[in-house]
Amino acid sequence: MAGFNHLFIPGPTNIPEQVRQAMNLPMEDMRAPNFPEFTKPLFEDIKRVFKNETGRVFIYPSSGTGAWEAAIENVLAPGDRVLMSRFGQFSLLWADMAERFGLDVDLIDCEWGTGVPLELYAERLAADTSHRIKAVFATHNETATGVTSDVAGVRAALDAAKHPALLFVDGVSSIGSIDFRQQEWGVDCAVSGSQKGFMLPAGLGFLSVSPKALAAARSGGHRRCFFSFEDMIKANDVGYFPYTPATQLLRGLRASLDLIADEGLEAIFIRHRRLAEGVRSAVNAWGLRLCAKTPKWHSDTVSAIHVPDGINSDEVVKCAYYRYQTSLGVGLNKVAGKVFRIGHLGWLNDVMVCGALSAVEMALIDCGVRIQSGSGVGAAVDYFQRSRASTVARAA
Ligand SMILES: *Cc1c(COP(=O)(O)O)cnc(C)c1O
């Protein structure tokens with residue numbers, strides 16, 4: 001079919017032209033004497049996206065799941081007690097991984113559409129006077145349900161209980177798109193991946209660690225090899241990797257970090273908020289509801305939208321794909337068939353989002369959802385136009 005295909009899944013996301021071109025280069029020598037001139041600034045600059053000044057970031061040739069695993073096996077030991085919560089497919093999978101690694105998981109199940117239960121975390125931590133809990137886990141942005149949790153609130157719960165547990169955060173679909181402050185929030189392990197806010201292909205797993213996590217890794221942990229902090233540190237400190245790095249992806253990362261620095265993290269967060277608000281105004285105009293139960297859970301990177309009873313959301317996704325060349329996210333696990341997802345993170349703007357909303361609208365109508373054509377798109381256009389006009393007025 002003619003024209004672009006439209007990618008509106010919550011990762012992989014759209015790749016900027018500069019990033020794509022930066023990766024289009026001949027294979028290079030990863031042991032070249034001047035390779036460190038390229039890698040050392042890269043290790044420094046990626047720390048800025050995490051707002052991690054005193055720790056370091058490991059760049060693994062893996063997806064985000066590998067960085068999840070690296071955090072657990074380096075920093076925690078089998079039998080360690082950890083506090084986790086489950087409210088969507090990604091928080092579910094991380095808890096499953098923790099169990100497979102033999103951690104003693106205190107798992108709090110929450111309704112899908114909500115997020116990290118701060119009150120329950122505070123209770124558990126206050127009750128744990130002997131400090132058996134070694135780490136507290138939080139999924140910052142649950143990509144399956146479009147729910148963002150309050151990581152600063154988890155830090156506050158730890159501090160209020162004067163609890164020394166480490167804080168692990170899954171920021172795969174938030175870091176670089178939604179406000180995240182590793183150092184300020186005392187996050188010890190922050191996980192991300194290349195194919196979401198970093199606007200790259202899949203293939204790099206990022207793990208940003210605090211000095212406290214590095215110290216914990218030195219004194220314990222699981223057996224480890226591929227993900228070993230120690231091996232990585234030894235090689236990274238002199239600008240290399242313990243095995244063949246994905247050099248093209250690293251060149252792409254250089255370009256994406258430059259784009260992020262040019263736009264500015266705070267401006268990127270504001271852009272994501274605006275794009276999400278545009279989507280939410282469309283959902284509202286359609287008379288549909290988000291999976292996220294209340295506004296405090298609203299995600300600025302992905303919206304999971306309930307279809308009315310009697311409609312299968314998989315059909316909506318298929319219809320958008322085949323008829324309108326637009327990829328949307330399907331519902332996962334508990335919400336399969338019930339929600340579809342619009343990924344609105346990474347390299348995109350108002351008009352791109354309007355395009356996605358028009359495809360959603362046509363697919364919904366095709367699948368028998370009774371909405372007025374133009375209603376959602378119109379609401380988004382209104383929102384974008386008015387908020388843009390006020391930005392211009394402020395700038396003038
Ligand atoms: C995408 C995602 C993951 C998994 O990352 P992969 O790169 O697919 O391994 C984990 N957590 C969240 C919140 C995600 O959005």
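Let's start with the ligand. Twelve names to look for around it: Ser63, Gly64, Thr65, Trp68, Phe90, Asn141, Thr143, Asp170, Val172, Ser173, Gln195 and Lys196. Keep in mind that this is a predicted model.

What classes of residue make up that shell? By class, there are 3 nonpolar, 7 polar and 2 charged residues. Which element gives the most? Helix α3, residues 64–75, does, with 3 residues in the shell.

Now the polar atoms. Ser63 has a polar side-chain atom 2.5 Å from a ligand oxygen. Lys196 also faces an oxygen atom of the ligand: an N or O atom of the Lys196 side chain is 2.6 Å away from that oxygen. Asp170 goes to a nitrogen of the ligand instead, with a polar side-chain atom at 2.6 Å. How much of the ligand does the protein bury? On its own, the ligand exposes 380 Å², and 89% of that is buried by the protein.

Next, the sheets. Take the one with 7 strands. The sheet is open, and the pairing is mixed. Read across, the order is β2-β10-β9-β8-β5-β3-β4. Which strands sit at the edges? They are β2, residues 56–60, and β4, residues 104–109; each pairs on one side only. From one strand to the next, the twist averages 20 degrees.

Zoom in on one pair here. Strand β9, residues 189–193, runs antiparallel to strand β10, residues 205–209, and 5 bridges join the two. One place to look is Ala190: its bridge partner in β10 is Ser208.

Helices pack on this sheet. Helix α4, residues 89–100, touches β3 (81–86), β4, β5 (133–139), β8 (166–170) and β9. The direction of α4 makes about 155 degrees with that of β3. Then find helix α8, residues 229–236. Helix α8 lies across β2 and β10, and runs at about 100 degrees to β2.

On to the sheet with 4 strands. This sheet too is open, with mixed pairing, and its order is β1-β12-β13-β11. Why do β1 and β11 each have a side without a neighbour in the sheet? Both stand at the edges with a single partner strand, so one side of each is left free of a neighbour there; β11 covers residues 302–306. The twist in this sheet averages 35 degrees from one strand to the next.

Again, one pair. β1 and strand β12, residues 326–330, pair in the parallel sense, over 3 bridges. Look for Phe8, which stands opposite Leu328 in β12.

Two helices to point out on this sheet. Helix α11, residues 313–324, packs on it and touches β1, β12 and β13 (339–343). The α11 direction makes about 165 degrees with that of β12. Helix α12, residues 350–366, also packs on the sheet, touching β1, β12 and β13. For α12, the angle is about 160 degrees, taken against β13.

Last, two backbone details. Where is the cis peptide bond? It joins Gly11 and Pro12, with omega about -5 degrees. Pro12 belongs to the loop between β1 (6–8) and α1 (17–22). The other detail is Lys51. Its phi is near 55 degrees, a positive value in a residue other than glycine. Lys51 sits in the loop between α2 (35–50) and β2. β2, remember, is an edge strand of the sheet with 7 strands.

Notes
Residues are numbered from 1 along each chain as its sequence is written. This is a predicted model: local features need pLDDT of at least 70, side-chain atom pairs count only at pLDDT 80 or more; totals for chains, interfaces and linings use all residues. Side-chain values use heavy atoms; hydrogens and water are left out. A residue is near a molecule or strand if one of its heavy atoms lies within 4 Å of it. A polar contact is a pair of N or O atoms within 3.5 Å; within protein, one must be able to donate a hydrogen and the other to accept it, and residues adjacent in sequence count only if both atoms are side-chain atoms. Accessible areas come from the Shrake-Rupley method with a 1.4 Å probe; for residues, only the protein chains shown count as cover. Ala, Val, Leu, Ile, Met, Phe, Trp, Tyr, Cys and Pro count as nonpolar, Asp, Glu, Lys and Arg as charged, and the others, Gly among them, as polar. Two strands pair if DSSP finds at least two bridges between them. Axes are lines fitted to C-alpha atoms, for helices over the stretch in contact, and angles run from 0 to 180 degrees between N-to-C directions. Contact means heavy atoms within 4.5 Å.
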